[in-house]
Amino acid sequence: MKPILKLYRGYANEQELIVMGHVFKPTTLEEYNFQKKNLKNATSVIKMFQIKTQSNADVYLKYNNSKIHTKTLNDGYFKFCVPLDQDTNYGWNDYEVSIVYKNGTITTKDSYIRPHKGNLGIISDIDDTFLVSYTLNPLKKLYVLLFKNINKRKIYDDVVTHYQALSSAGRTNNDELNAFFYVSSSEWNLYRFIIKFTELHKLPKAVLLLKDIKTSLTDFFMTGSGNHNHKFDKIKHILEFYPNLEYVLLGDDSQHDPYLYEAICKIFPVTVKAVYIRQTGSSKKEKIITVMKNLETLKVSICYFKDSSEAIAHSKSIGIIL
């Protein structure tokens, strides 16, 4: 058995490259199997939360013919923030990380995005924004996560059309799409599931910024709950990292998205172009309508919608998409 090296999609601006991942202890647990059904799917999901991380493991980033060395944090997570040379390409680029095990090397590759300044940055929540998750009903949410495999999980109508249009808005080169970020209160444990789901439905390739990894069964039953400060911090970080992009924020009214986005718009009064909030219940919420009206006073274009077709019409009306 060998340790497992997991990489996540990274991102870069004009000065800096950020890539990250986890190192896990050797295990007999199988990777999450996307085809398993019902009870077997449940077992597979639970196993994702029983994986053990490796702290202080040596990790090497291959960059510009040199090897940059770091070690994992206490929860097995590692992050390289390195100065970037100016000659790097825009769009998606590959990167390579390795760990040494016994006398061999375990190497993994993934990619990072480097967007042109002056284009759109799109930040979207996941649960109940594009993936139907029943956040307002914790038991149903858990049931769906456990017993519905990836092929049975639902996506909202017309989301893909809207997201793909946002992804290519203002772009002439298909290799250089707008930077897309999926920011969620789900944990890194669900990374592969989310990537697979977005690929299955042809959603835009995005950088995922998730919550600290969970490693116990108790944690599993609390998945996606608790404090949402991490989402605020991650979104604030993206806007600080790419000050020259204009942003579209997409979320829903089942949890804290409208309030997080309101705070972000107050801190970044120039760069947020539009905020989209999906209505998840049978009617619109008065509190959310108040937040949205307040955003309008900050000259942010708002759309509180039930169906994605409304969001598409709105994006066309303000000229973000054709």
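Strand S11 (residues 246-252) is largely enclosed by the rest of the structure, because six of its seven residues are buried. The model described here is a predicted one. Strand S11 has a parallel neighbour in strand S8 (residues 120-124), to which five bridges join it. In that pairing Gly 121 stands opposite Tyr 247 of S11. Strand S11 also runs parallel to strand S12, with six bridges between the two. Here Val 248 is placed opposite Ala 274 of S12. Strands of a sheet pair through backbone hydrogen bonds, and the sense may be parallel or antiparallel.

**The loop after S12**

Strand S12 (272-278) is linked to helix H8 (286-296) by a loop that holds Thr 280. Is Thr 280 buried, partly exposed or exposed? Its relative accessibility is 24%, so Thr 280 counts as partly exposed, the cut-off for buried being under 20%. Which residues does Thr 280 touch, leaving aside those up to four places away in sequence? They are Asp 128, Leu 136, Tyr 156, Asp 252, Asp 253, Ser 254 and Lys 306. Among these, Asp 252 is the residue that ends strand S11. Thr 280 and Thr 129 are 151 residues apart in sequence, yet their C-alpha atoms are 8.6 Å apart in space.

**The seven-stranded sheet**

Another part of the model is an open sheet of seven strands, ordered S4-S3-S6-S7-S1-S2-S5, with mixed pairing. Strand S4 (66-71) and strand S5 (77-83) stand at the edges; each has a single partner strand, so one side of each is left without a neighbour in the sheet. From one strand to the next, the twist averages 25°.

Within this sheet, strand S6 (residues 91-101) and strand S7 (residues 104-114) are joined by 11 bridges in the antiparallel sense. Ser 98 has Thr 107 of S7 as its bridge partner. Helix H4 packs on the sheet, where it touches strand S1 (4-12) and S7. The direction of H4 makes about 60° with that of S1.

**Cavities**

How many cavities of 30 Å³ or more does the model hold? The count is three. The two for which details are available are set out below.

| Cavity | Volume | Lining residues | Classes in the lining |
|---|---|---|---|
| Largest | about 130 Å³ | 11 residues | five nonpolar, three polar, three charged |
| Second largest | about 80 Å³ | 13 residues | no nonpolar, seven polar, six charged |

In the largest cavity, the lining residues that lie nearest the centre are Asp 127, Leu 145, Arg 153, Ser 186 and Leu 190. Helix H2 (138-147) and helix H4 (191-200) are the elements that give two or more residues to this lining. Helix H4 is also the helix that packs on the seven-stranded sheet.

The second largest cavity has Asp 125, Asp 127, Ser 185, Lys 231 and Gln 255 closest to its centre. Strand S9 (residues 179-187) gives the most to its lining, with three residues. Asp 127 is listed near the centre for the largest cavity and again for the second largest cavity. The linings can also be set side by side by class: five nonpolar residues occur in that of the largest cavity, whereas the lining of the second largest cavity has no nonpolar residues.

Definitions and conventions
Residues are numbered from 1 along each chain as its sequence is written. This is a predicted model: local features need pLDDT of at least 70, side-chain atom pairs count only at pLDDT 80 or more; totals for chains, interfaces and linings use all residues. Side-chain values use heavy atoms; hydrogens and water are left out. On a 1 Å grid over the protein atoms alone, a cavity is a set of points where a 1.4 Å probe fits but cannot get out, and a pocket is an open set with protein on both sides within 12 Å along at least five of seven lines; lining residues have an atom within 4 Å of a point. Grid points are joined across faces, edges and corners, and a volume is the space filled by probe spheres set on the points. Helices (H or I, at least four residues) and strands (E, at least two) are DSSP runs, numbered from the N terminus. Ala, Val, Leu, Ile, Met, Phe, Trp, Tyr, Cys and Pro count as nonpolar, Asp, Glu, Lys and Arg as charged, and the others, Gly among them, as polar. Two strands pair if DSSP finds at least two bridges between them. Axes are lines fitted to C-alpha atoms, for helices over the stretch in contact, and angles run from 0 to 180 degrees between N-to-C directions. Contact means heavy atoms within 4.5 Å. Buried means under 20% relative accessible area, exposed over 50%, partly exposed in between (1.4 Å probe, protein chains only).
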